[in-house]
Amino acid sequence: MLRRPLVTLRSLGLFGSRRSFRPLGPLGPLGSFPSFPSFPSFSRPRSLRSPLSLRLLVPLCLLAACAACASTPGGGAEPAASGGKKTLTLGFSAWPGWFPWQVAQEKGLFAKNGLEVELKYFDSYTDSLTALATGNVDANSQTLNDTIASVSGGAKQTIVLVNDNSTGNDQIIARSGVSTVADLKGRTVAAEQGTVDHYLLLLALRKAGLTEKDVTFKPLPTDAAAAAFKAGQVDAVGVFAPFTTTALELPGSTAIATSKDFPGAIPDHLVVAASLVAERPQEVQALVKTWFETLEWIAANKADATAIMARRAGVSEADYASYDAGTTIFSLEDNLAAFEPGDTGDHLGHQAALIAKFLVDSGLADTEPSLDGLFEPKFVRSLKP
């Protein structure tokens, strides 16, 4: 879960980064993958944006947050809005499944549901994770993988909504002459270490009968990895939209594996501080309600919504529209099904258990974190389909 190299996608006309390890949904079980494999521990330094792993960074962030709260009367992240109403701070970053929040803000849908929201866009996805872990935002848009990693480091966070499932917008892209995952043997592959696209690479290698030892893995932040691939410095790259757009600018390049090949492996969520659920549940409910009303507005005003989201993304409307098929936005019905208990990739609890095991097997966590209290379905269940 790293971000921010010297060469950023903003300098290439795009933007910052999302997603370290991240539903599922109406896509069926994992096909030939009844469960995810046990991967060997990584020998390289595990990092967020430096050699500090999430399991080290989160406790340090929590200590800093506690110190800040101790010096601030009442603690907490957000000031009171005018009239005594508290402002709810919501973070999001670059991913098609999270740009609807921009529509909600610009069309007044937060206010319609009685919310005073400070919508905070992070160029660096990792910064948004840190902000939630330290109490600098009340809620954040983040992956299931990263939420579990944060919880393993001591953060108190709760998933209240499934935004989407990646169904093709995470990709392993290879240069001309590399047409299958099997062709990666002996070649150099770049990805952001510890991210979902590193995870996707491992899944794809396993399916092809290979392991990470069969390739030369080059750990780079996602935007730098895309830029390195475009420059011909590596043979393949693991990236997510919109960085896929940059990578595919290399003539002859093609996606040889995508998240569509592994249904249910990469979920994205609205995650809130556990204290927000306990102390301000009405606002959490209003936030969840706003999400579904935003989806309704987008469906009824597709052109206007695409313009808003593309502008926030820093890409053309045509490029933004091309991401549609690769991100499956979850309806209320999809959410209700995902929160139900089950033993397939359709179910959040099952998916979370697989990811928790993966974090340990890959050396990103010492022990599997407790998943008790990780999911709170009451807010989606209170809404009528």
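Arg280 sits in the loop that links helix H9 (274-279) to H10, and in this predicted model Arg280 counts as buried because its relative accessibility is 9%, under the 20% limit. Its C-alpha atom lies 9.8 Å from that of Lys86, although 194 residues separate Arg280 and Lys86 in sequence. The points below move from the core to the helix pairs, and then to single residues and backbone features.

**The largest nonpolar core**

- The largest nonpolar core has 109 residues, and the members that touch the most other members are Leu90, Trp101, Leu184 and Leu270.
- Helix H10 (residues 281-300) supplies the largest share of this core, with nine residues.
- Leu90, when residues up to four places away in sequence are not counted, touches Trp101 and Leu270, and its other contacts include Phe110, Val117, Leu119, Ala139 and Leu287.
- The surroundings of Leu90 also include Glu118, Lys120 and Asn140, which are among the residues it touches.
- As background, nonpolar side chains tend to be buried together in soluble globular proteins.

**Helix H5 against helix H14**

- Helix H5 (residues 144-152) packs against helix H14 (residues 348-361) at an angle of about 60°, and the two axes are 10 Å apart.
- At that angle H5 is oblique to H14, because the value falls outside the ranges for parallel, antiparallel and perpendicular.
- The crossing of H5 and H14 is right-handed.
- On the H5 side the contact is made by Leu144, Asn145, Ile148 and Ala149, while H14 contributes Leu348, Gln351, Ala352, Ile355, Ala356 and Leu359.
- By type, the residues of the contact of H5 with H14 comprise eight nonpolar, two polar and no charged.

**Helix H10 against helix H11**

- H10, which also feeds the largest core, packs with helix H11 (residues 302-313) at an angle of about 115°, with their axes 5 Å apart.
- H10 and H11 are therefore roughly perpendicular to each other, a class that takes in angles from 65 to 115 degrees.
- Here Trp297, Ile298, Ala299 and Ala300 of H10 meet Lys302, Asp304, Ala305 and Met309 of H11.
- The contact of H10 with H11 divides into six nonpolar residues, no polar ones and two charged ones.

**Ala310 in helix H11**

- Ala310 belongs to helix H11, and it is classed as buried because its relative accessible area is 1%, under the limit of 20%.
- Apart from neighbours within four places in sequence, Ala310 is in contact with Val315, Ser316, Glu317 and Tyr320.
- Ala310 and Pro96 are 214 residues apart in sequence, yet their C-alpha atoms are 9.2 Å apart in space.

**Helix H7 and its cover**

- Helix H7 (residues 222-230) is mostly covered, with eight of its nine residues buried.
- The buried residues of H7 are Thr222, Asp223, the run Ala224, Ala225, Ala226, Ala227 and Ala228, and then Phe229.
- Among the elements that cover these buried residues are strand S5 (170-174), strand S6 (188-191), strand S8 (236-240) and helix H8 (243-247).

**Phe217 in strand S7**

- Phe217 is placed in strand S7 (residues 216-219), and it is buried because its relative accessible area of 7% is under 20%.
- Between the C-alpha atoms of Phe217 and Glu192 the separation is 9.9 Å, with their positions 25 residues apart along the chain.

**Backbone features**

- Just after H7, Gly232 takes a positive phi of about 80°.
- The peptide bond from Ala241 to Pro242 is cis, with omega near 15°, and Pro242 lies in the loop between S8 and H8, two of the elements that help to cover H7.
- For context, most residues other than glycine have a negative phi, and most peptide bonds are trans.

Terms used:
Residues are numbered from 1 along each chain as its sequence is written. This is a predicted model: local features need pLDDT of at least 70, side-chain atom pairs count only at pLDDT 80 or more; totals for chains, interfaces and linings use all residues. Side-chain values use heavy atoms; hydrogens and water are left out. Buried means under 20% relative accessible area, exposed over 50%, partly exposed in between (1.4 Å probe, protein chains only). Helices (H or I, at least four residues) and strands (E, at least two) are DSSP runs, numbered from the N terminus. Contact means heavy atoms within 4.5 Å. A nonpolar core is a set of buried Ala, Val, Leu, Ile, Met, Phe, Trp, Tyr and Cys residues joined through side-chain atoms within 4.5 Å. Axes are lines fitted to C-alpha atoms, for helices over the stretch in contact, and angles run from 0 to 180 degrees between N-to-C directions. Angles under 35 degrees count as roughly parallel, over 145 as roughly antiparallel, 65 to 115 as roughly perpendicular and the rest as oblique. A crossing is left-handed if the near helix is turned anticlockwise from the far one by less than a right angle, and right-handed if clockwise. Ala, Val, Leu, Ile, Met, Phe, Trp, Tyr, Cys and Pro count as nonpolar, Asp, Glu, Lys and Arg as charged, and the others, Gly among them, as polar.
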